[in-house]
Amino acid sequence: MSLPDLLLRVLFWGAIYLGAARIGAWITRSDLRGISHLAWDGLAGFPVIIAAWLTVGLVRFDRFSVLAVTVAVLVFAAIRIVKDPLRRFARPAARCPSRTLALAILFVVAGLGLIWNQVPVLFFDSLAYHHAQPELWLFESRITPYEWSLHSWFPPGMSVLYGVGLALGGEPWGNDANLLLFVSLGLATFDLGRRLWNPRAGTFALAALLSLPQILYALMIPAADLAHGTFVFGSIAALTLSRSEGGGSWERHAAWIAGGALLTKYLGLLVPLAAG
């Protein structure tokens, strides 16, 4: 793992995350700030970016088309920054040790994840379709299902993200897409606990999340489970906050985040039922 490659991976996926947050804030008419902006607006914006890469990819899917959509996302984010010049981060929040601890935990886990993502993929599902499908798309220069592959007819949201990474830098870049969704899950988990109770509860919720073997396992393998769970959790959590905080943009957040669940698994159709 070279340092320049590592920095490029962080810069690329970090820029995509910030772009997703700006898009999410626009489509939900959100006024969230700080961690809340990154957590909830980011989750709402991811489905839009995935859908853009998917739509363009149906016609052409290669490094050029991936970069074209990326540039469009970053240009839109820049326009939003001009209209809203980082106002969401303009007011420094009061010192909060619990928030600092939560961010430190996420920073350490993300750093370890970047190192782990250098390990060659061995998980069967990843080799069979999560990585194999986008590699075939790149070979044929377009996203398409195949008659001989049942998995190619599944919602391709995460495979699209893996394909973006594979197109730009290879397997580690693709694996980083899974880590990106975990970071958003961690931020949303902390913020949900903070809003429902207090910052200490948010940090405890994050620690509890990381204590689950299923979460750590899903973080270590590039598949669709972690992303799908993140979008399902985010949608239901946003609806919970709409009831506890009295509306605002939370219902719009829930709807757009549910779109991410639909883009990753057919089980996303159950999210409205789970929400009641």
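A nonpolar core is a set of buried Ala, Val, Leu, Ile, Met, Phe, Trp, Tyr and Cys residues joined through side-chain atoms within 4.5 Å. Buried means under 20% relative accessible area, exposed means over 50%, and partly exposed is in between, with a 1.4 Å probe and protein chains only.

The model on screen is predicted: local features need pLDDT of at least 70, side-chain atom pairs count only at pLDDT 80 or more, and totals for chains, interfaces and linings use all residues. Residues are numbered from 1 along each chain as its sequence is written, and side-chain values use heavy atoms, with hydrogens and water left out.

**Stop 1: the core**

Select W40, F46, W53 and F182. These are the residues with the most contacts inside the largest nonpolar core, which has 69 residues. Helix α8 (residues 171-196) supplies the largest share of this core, 11 residues. Helices here are DSSP runs (H or I, at least four residues), as strands are (E, at least two), and both are numbered from the N terminus. In soluble globular proteins, nonpolar side chains tend to be buried together.

Now keep F46 and show what surrounds it. Contact means heavy atoms within 4.5 Å. Leaving aside neighbours within four places in sequence, F46 is in contact with I16, Y17, A20, L180, L181, S184 and F231.

**Stop 2: a network of charges**

Stay on helix α8 and select D191 and R195. Both residues lie in that helix, 4 residues apart, about one turn of the helix. They form a salt bridge, with the closest N and O atoms 2.9 Å apart. A salt bridge is a side-chain nitrogen of Lys or Arg within 4 Å of a carboxyl oxygen of Asp or Glu. Side chains of opposite charge can pair when their charged atoms come close.

D191 is buried, at 0% relative accessibility, whereas R195 is partly exposed, at 24%.

Add E245 to the selection. E245 forms a salt bridge with R195, the closest N and O atoms being 3.1 Å apart. This pair links distant parts of the chain: E245 is in helix α11 (residues 225-245), R195 is in helix α8, and they are 50 residues apart. E245 is partly exposed, with a relative accessible area of 38%. Add R194 as well, and the selection shows a network of salt bridges linking D191, R194, R195 and E245. The structure holds 6 salt bridges.

Before leaving D191, select R99 in helix α4 (residues 97-116). R99 and D191 are 92 residues apart in sequence and 9.2 Å apart in space, C-alpha to C-alpha. R99 counts as partly exposed because its relative accessibility is 23%.

**Stop 3: R60, D62 and S65**

Select R60 and D62. Their side chains meet in a salt bridge, 2.5 Å from N to O. R60 is partly exposed, with a relative accessible area of 41%, and D62 is buried, with 15%.

Next, select S65 in helix α3 (residues 63-83). Is S65 buried or exposed? S65 counts as buried because its relative accessibility is 5%. A polar atom of the S65 side chain lies 3.1 Å from the backbone oxygen of R60. Not counting residues up to four places away in sequence, S65 touches V56 and R60.

**Stop 4: the end of helix α1**

Select T28, in helix α1 (residues 3-28). T28 is buried, with a relative accessible area of 0%. Which residues does T28 contact, leaving aside its neighbours within four places in sequence? They are D41, A44, S249, R252, H253 and W256. For a longer view, add Q118: the C-alpha atoms of T28 and Q118, 90 residues apart along the chain, are separated by 36 Å.

Move to R29, in the loop between α1 and α2 (34-57). R29 has a positive phi of about 55° although it is not a glycine. R29 counts as exposed, at 59% relative accessibility.

Then select S141, in the loop between α6 (132-140) and α7 (157-168). S141 also has a positive phi, near 65°, and is a residue other than glycine. S141 counts as partly exposed, at 33% relative accessibility.

**Stop 5: a surface patch**

Finally, select L150, W153, F154, L262, Y266 and L269. They form a nonpolar patch on the surface, with about 680 Å² of accessible area together. Patches are made of residues with over 30% relative accessible area and no salt bridge; like charges are joined within 9 Å, and nonpolar side chains (Val, Leu, Ile, Met, Phe, Trp, Tyr) within 5 Å. Accessible areas come from the Shrake-Rupley method with a 1.4 Å probe, and for residues only the protein chains shown count as cover. L262 is in helix α12 (residues 250-264) and is partly exposed, with a relative accessible area of 41%.

Definitions and conventions: Polar contact = N/O pair within 3.5 Å; in protein donor to acceptor, adjacent residues only side chain to side chain.
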